[in-house]
Amino acid sequence: MSILFNILVFLHIVGAAMIVGYWIATLKEPTVHPRQRDGAFLQLLTGIAMMGVFPLLPDADPNYFKLGVKFAIGVAVAVLAVIGTRKVKKGEPVSTGLAHGVGGLALINIAIATLWN
């Protein structure tokens, strides 16, 4: 199970990199890139899978409140990314707040994962 968990963690980090990387790349002209949406979905799927595998690991002591907060933020990131991607596809302008909401909330989620003990 630990190998599966480590693979899920790897994919989870890749999803975060997709979101935050595109956000940083477009800071001067904020927008939402379709890969940010894909990264958000990858984060949600791998996060849910990790929550299922985590209790099966030896010496596991999951903090379900922390995981719930991360899940709620992850859903918000995914929703904002979908809205932004649809606007881009229609040729409509993406508001600065929406673009920064996707990247900023993803960055907050990374901070929660690493700093909340």
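Here are some short questions and answers on how helices pack in this predicted model.

Colleague: What makes α2 roughly antiparallel to α3?

Modeller: The two helices pack at an angle of about 155°, with their axes 8 Å apart. Angles over 145 degrees count as roughly antiparallel. That makes α2 roughly antiparallel to α3. Their crossing is left-handed.

Colleague: Which residues of α2 meet α3?

Modeller: From α2, they include Phe41, Leu44, Ile48 and Met51. Among their partners in α3 are Leu67, Phe71, Val75 and Val82. The residues of this contact divide into 13 nonpolar, three polar and one charged.

Colleague: Why is Arg37 called charged, and Gly74 polar?

Modeller: Arg counts as charged, and Gly is counted among the polar residues. Arg37 lies on the α2 side of the contact, Gly74 on the α3 side.

Colleague: How do you know that the span of α2 agrees with its number of residues?

Modeller: At 1.5 Å a residue, its 20 residues should span 28 Å. The end C-alpha atoms of α2 are 29 Å apart, so the values agree.

Colleague: How do you know that the span of α4 agrees too?

Modeller: Helix α4 covers residues 96-115, and its 20 residues should also span 28 Å. Its end C-alpha atoms are 27 Å apart, which agrees.

Colleague: Why is Leu98 in α4 called buried?

Modeller: Buried means under 20% relative accessible area. Leu98 is therefore under that cut-off, as are Val102 and Ile112.

Colleague: What covers the buried residues of α2, and what do those of α4 pack against?

Modeller: For α2, the cover includes α1, α3 and α4. Those of α4 pack against α1, α2 and α3.

Technical notes: Residues numbered from 1 in each chain as written. Predicted model: local features only at pLDDT ≥ 70, side-chain atom pairs only at ≥ 80, totals over all residues. Heavy atoms only, no water. Helix = DSSP H or I, 4+ residues; strand = E, 2+ residues; numbered from the N terminus. Expected span 1.5 Å × (residues − 1). Buried < 20%, exposed > 50% of the residue type's maximum accessible area, 1.4 Å probe, protein only. Contact = heavy atoms within 4.5 Å. Axes fitted to C-alpha atoms, helices over the stretch in contact; angles between N-to-C directions. Parallel < 35°, antiparallel > 145°, perpendicular 65-115°, else oblique. Left-handed = near helix turned anticlockwise from the far one by under 90°.
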